[in-house]
Amino acid sequence: MRERIPAAGAIAAAVALIVVVGGSYFGYRELSGDKCSGQVKLTVAAPPEIVDDVRATADAWVADGATANGVCVGVEVGETNPVDLAAALAAKHGVALTGVGGASGSVTIPDVWIADSSLWLHRLRAAAPGFTPTDGGSIALSPVVLAMPEPIAKSLGWPEKKPDLPGLLKEILTGNRGLRAGIVEPTRDAAGMSGLLSLGSAATQTGENAQQAQTAALRALASGKSAVRDDLTAKFPQAADQASLTAGLSLAALSEEDVIRYNAKKPPVPLAAVYLDPAPLPLDYPYAVMPGTDPDKAAAADSLHRALDGGGFRDRLAALGLRGPDGEGGAGFALPAGGPAKAGAPAAAGNGGAPDTAVVDRALATWTTVTAPARMLAVFDISGTMRGPVPSAGGATRMEVTKEAARRGLALFGDDWAVGAWVFSTNLGGGKDWREIAPIGPLASTRGQLLQAISAIEPKQNGDTGLYDTLAAAYETVQDGWQAGRVNSVLILTDGIGNDDPEGGLSLPALLNRLEELKDPKRPIQVIILGLGDKVNRGALDQITRTTGGGVLIAADPAQIGEAFLKGISLRPTGS
């Protein structure tokens, strides 16, 4: 017979079992004696690489009698990919983050979010003023490095000599060494995002035309792009012979932790971690308490953060290949060759260590524009008001600044894009308010024709704005030729207050009904409306894009249309 467990022991064992099974969900007062009353559950979301260790630390804290403000605390730690939670928070606040796409209905917003990078928090704060998380202190750190197969790194002088990014970028563009670059999709991965920002800075130092160098580099990166880090690392050479080194990936922006984890598996060709100067933004794992968290939960979150600041958690991080928040590794940290004993955030991060989110969004928009194939019909307003001068553009007309923005944007589009152009006003022939000036076709063969057609656009003297009829016709045209594997869209460029058609035509309700009839979830088309000036009727335009998908961007100063144009054409439908 088994020995009977004394009653007190049975109670303790039962309570311990409940705590383990519940994932530290409960904070029973039995665990803390008279030290607390009541209970509060704290939910925490953490990225895959550290979720188990955050959970284990939280479990130990709860088992030791966790309290906050005299209340028993239970903690539930869940695994969440940072981009998925960023999408959910953006949707909650009614904003969109470039390249992130729509939110999954299965993602719930926790009390505490541990992202892998503060970049997510900075971007959300900039886009949504109502997003005001507290704390934000780092709980871990991993520098972003250039990961290179060791034989290739040694051929460039490593570890005695540190390759510089502008020099490597020149080598990639010239193809002299046959270097193949790769990146994890930067709109969805923080290490990829950080590497992309460094690349953009390096492009200005190549001595070449900065935009051309950047565009060429982005296209080179796109050829080695992967959706997730494990897929990217699988592209590195699996043998040290020259043929394998030539065929495999030569370099990619990854976290230091990625390199340590890769090398820990003893691959045939280890990776070198090349530490750049200036350093890219690191993965800094901010501990963010979500806005609106009640005082008891906020106090519990503060107490849990202190538990994660302990030496035990630092040593757990070291076993994962991560540093502590001060940039130093804990016991057993496997420092890569040539790595600094202490790492930190780069001074170039900006005020208070925060990056310029406008620079981040511009880099991501450029990436999306250059690398994602699309099929687009650009529709230019040629009503009489487009003749108006733009004082901030040296007196150039609205039409002239619009055409220049289109020409610059077109230079970023790869030959795999398909683009056409219409103009619209009123009475442009055949009883229509629009006219085709270039059919939708592959830029590989029609780029010159399209540029010539755009350059020849002139506003119609005293022309009005037949927007609604034009938009319905443009939507139907794009839908008729819809192509899978591309982002199919209509881009409207207008300075009008909306529809201004003296001969009638569709009303706003009639247009919305028509778009609802045409809309096909299996063949999504998004409408992007670029409004110039401060007279644009945004309310009506927002109703249109809510029906179709897409978005409205307003350049209150028409001279700034270039930024709005780039952001507009980089918008992607949910799931892209």
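1. Two strands are taken to pair if DSSP finds at least two bridges between them. Helices (H or I, at least four residues) and strands (E, at least two) are DSSP runs, numbered from the N terminus. On this basis strand 15 (residues 487–494) and strand 16 (residues 526–532) pair in the parallel sense over six bridges.

2. Basis of the note. This is a predicted model, in which local features need pLDDT of at least 70 and side-chain atom pairs count only at pLDDT 80 or more, while totals for chains, interfaces and linings use all residues. Residues are numbered from 1 along each chain as its sequence is written, and side-chain values use heavy atoms, with hydrogens and water left out.

3. Strand 16 and its partners. Within the pairing of strands 15 and 16, Leu 493 has Leu 530 as its bridge partner in strand 16. Strand 16 is also joined to strand 17 (residues 550–555) by six bridges, and these two strands run parallel. Here Val 527 stands opposite Gly 550 in strand 17. Between the two strands the chain passes through helix 19 (residues 538–548), and this β-α-β crossover is right-handed; that is, with the strands pointing away from the viewer, the path from the first strand over the helix to the second runs clockwise.

4. Burial of strand 16. Is strand 16 enclosed or open to the outside? Seven of its seven residues are buried, so strand 16 is largely enclosed by the rest of the structure. Buried means under 20% relative accessible area, exposed means over 50%, and partly exposed is in between (1.4 Å probe, protein chains only). Gln 526, Ile 528, Leu 530 and Leu 532 point one way from the strand, Val 527, Ile 529 and Gly 531 point the other way, and all are buried.

5. The sheet that holds strand 16. This is an open sheet of six strands in the order 14-13-12-15-16-17, with mixed pairing. Strand 14 (434–442) and strand 17 are the edge strands, each pairing on one side only. From one strand to the next the twist averages 15°. Strand 12 (residues 374–381) and strand 13 (residues 418–424) run parallel and are joined by seven bridges; Met 376 stands opposite Val 419 in strand 13.

6. Helices on that sheet. Helix 17 (residues 467–480) lies across strands 12, 13, 14, 15 and 16, and runs at about 160° to strand 15. Helix 19 lies across strand 16 and strand 17, at about 155° to strand 17. For these angles, axes are lines fitted to C-alpha atoms, for helices over the stretch in contact, and angles run from 0 to 180 degrees between N-to-C directions. Contact means heavy atoms within 4.5 Å.

7. Another sheet. An open sheet of six strands has the order 2-3-1-4-11-5, again with mixed pairing. Its edge strands are strand 2 (67–68) and strand 5 (134–138), each of which pairs on one side only. Strand 2 and strand 3 (residues 71–79) run antiparallel and are joined by two bridges, with Thr 67 opposite Cys 72 in strand 3. Helix 12 (residues 295–308) packs on the sheet, where it touches strand 1 (39–46), strand 2, strand 3, strand 4 (112–114), strand 5 and strand 11 (286–289), and its direction makes about 55° with that of strand 1.

8. Aromatic pairs. How many aromatic pairs does a search of the whole structure find? The search finds three. Rings of Phe, Tyr and Trp (its six-membered ring) pair if their centres lie within 6.5 Å; planes under 30 degrees apart count as stacked, over 60 as edge-to-face and the rest as tilted. One of the pairs is Phe 236 with Tyr 262, which is edge-to-face, at 6.2 Å centre to centre and 65° between the planes. Phe 236 lies in the loop between helix 9 (229–233) and helix 10 (242–247) and Tyr 262 in helix 11 (residues 256–264), so the pair ties together parts that are 26 residues apart in sequence. Phe 236 is buried at 2% relative accessibility, and Tyr 262 is buried at 12%. Another pair, Phe 413 with Trp 417, is stacked, at 3.9 Å centre to centre and 10° between the planes. Phe 413 is buried at 2% and Trp 417 at 0%.

9. Two single residues. Pro 268, in the loop between helix 11 and strand 10 (271–274), is exposed at 55% relative accessible area. Leaving aside neighbours within four places in sequence, Pro 268 is in contact with Gln 238 and Ala 239. Ser 198 lies in helix 7 (residues 190–203) and is buried at 16%; with the same neighbours left aside, Ser 198 is in contact with Leu 165 and Pro 280.
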